[in-house]
Amino acid sequence: MSPRSQTQAHALGAREVLSVDAPRSVLLDRVGHLLGSAAPTSTGAGLQGRFIAASAALGDLLDAAATGGHLPAAAINGSVEALNRAAEGGDLDAWLDLVWQHDDATYQHCLLVSGLAAAFAHRLGFGEADRRLITGAAVLHDIGKARIPLAILRKPGGLTAEERETIWQHPKIGHDMLVAQGGYAPMILAVVLSHHEYLDGSGYPHGLNAGQIPDPVRMITICDIYAALIERRPYKPPMPPEEAYAVLVGMAGKLDRDLVRVFGEVIVAASAARLGRHIETRAMPTRLSGTAG
Ligand SMILES: [Fe+2]
Ligand SMILES: [Fe+2]
């Protein structure tokens, strides 16, 4: 039941993790529950498969980053591919539902920001190459956190000034990791280093101003803040999407207004898909009984 084992199990697509000495009755009960909820949903198995592929790739990536190993390019490409195909399916909301199955905060956050970024780039009509860059940058944006002690990352509630300083180092740590490895596009390096910068110069690590922050960085910053607001944590309730979007709008001067507006369309499209899915799900019993006889 170590955090690492659980993370690896989730990367393989596990829905439940039980202790090795769990009573048999508990095991049977959980298996029964999973079988009962395993009926395919209207979103289909395609999205779930892509989600598992992206999660597994992310697991390899985070493990390599934490242990100082070479970041596996195949894992990065694999997750980017899965994310972009999922974005083409247009059901961001179903993606988010899958993301909540991960109780590991780092996984949840990476998959969330990446899913949002892939949908954002798709909405903006970017070509395949640019979408690959944006999604890849989102997958890697917090890779530096793999080197921040878990005790700090997982600490519920307030951090000391010293702990905050430590967390603030993650953009530079991530950037330096990628530079040391070599072969990463300048845009990906810029996103990793500068995704906590604000247009008014109040961000970190360098207090860049608007002219020094390129559009892809601005995009990931928007996705990153929105993700942090709607994330589920044991110690904080998730903020509803409309409220989280209002926070982005309220950050005028810090975030790119035009990009925030388009991002709003991404969120609205996701809510519409959810509504559509609910209607479809409610209509399903009639259709199922019709086909199954
Ligand atoms: Fe970050
Ligand atoms: Fe982040």
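Four donors count as tetrahedral if all angles lie between 85 and 135 degrees, and as square planar if opposite donors are over 155 degrees apart and all others between 65 and 115; anything else is irregular. The exercises below use this predicted model.

**Exercise 1. Which residues coordinate the iron ion (ligand 2), and how is its site classed?**

Step 1. List the donors. They are His109 (NE2), His141 (NE2), Asp142 (OD) and Asp224 (OD), at 2.2 Å.

Step 2. Check the angles. Among the four donor atoms they run from 82 to 171 degrees. A tetrahedral site needs all angles between 85 and 135 degrees. The site of the iron ion (ligand 2) is irregular.

Step 3. Read the spacing in sequence. It is H-x31-H-D-x81-D. His109 lies in helix 6 (residues 105–123) and His141 in the loop between helix 7 (128–140) and helix 8 (150–153), so the pair ties together parts that are 32 residues apart in sequence.

Step 4. Add burial. Both His109 and His141 are buried.

**Exercise 2. Work through the site of the iron ion (ligand 1) in the same way.**

Step 1. The donors are Asp142 (OD), His170 (NE2), His195 (NE2) and His196 (NE2), at 2.1 to 2.2 Å.

Step 2. The angles among these four donor atoms span 85 to 177 degrees, and the site is irregular.

Step 3. The donor spacing is D-x27-H-x24-H-H. His170 sits in helix 10 (residues 170–181), while His195 is in the loop between helix 11 (186–194) and helix 12 (215–230), so this pair joins parts 25 residues apart in sequence.

Step 4. His170 counts as buried, at 1% relative accessibility. His195 is likewise buried, at 1%.

**Exercise 3. Which residue bridges the two iron ions, and how far apart do the ions lie?**

Step 1. Compare the donor lists. Asp142 is a donor to the iron ion (ligand 2). Asp142 is also a donor to the iron ion (ligand 1).

Step 2. Conclude. Asp142 bridges the pair, and the ions are 3.5 Å apart.

**Exercise 4. Describe helix 4, its span and its buried residues.**

Step 1. Helix 4 covers residues 73–89, 17 residues in total.

Step 2. From first C-alpha to last it reaches 25 Å, close to the expected 24 Å.

Step 3. Its buried residues include Ile76, Val80, Leu83 and Ala87. Residues three or four places apart in an α-helix point the same way, because there are 3.6 residues a turn.

Step 4. Just after helix 4, Gly90 has a positive phi of about 75 degrees.

**Exercise 5. How many disulfides does the structure hold?**

Step 1. The cut-off is a pair of cysteine sulfur atoms within 2.5 Å.

Step 2. A search of the whole structure gives zero disulfides.

Step 3. Look at two cysteines. Cys110 is buried, at 2% relative accessible area. Cys223 is buried too, at 1%.

How values were computed: Residues numbered from 1 in each chain as written. Chains lettered and ligands numbered in written order. Predicted model: local features only at pLDDT ≥ 70, side-chain atom pairs only at ≥ 80, totals over all residues. Heavy atoms only, no water. Helix = DSSP H or I, 4+ residues; strand = E, 2+ residues; numbered from the N terminus. Expected span 1.5 Å × (residues − 1). Buried < 20%, exposed > 50% of the residue type's maximum accessible area, 1.4 Å probe, protein only. Donors = N, O, S within 2.8 Å, 3.2 Å for Na, K, Ca; no water. Tetrahedral: all angles 85-135°; square planar, octahedral: opposite > 155°, others 65-115°.
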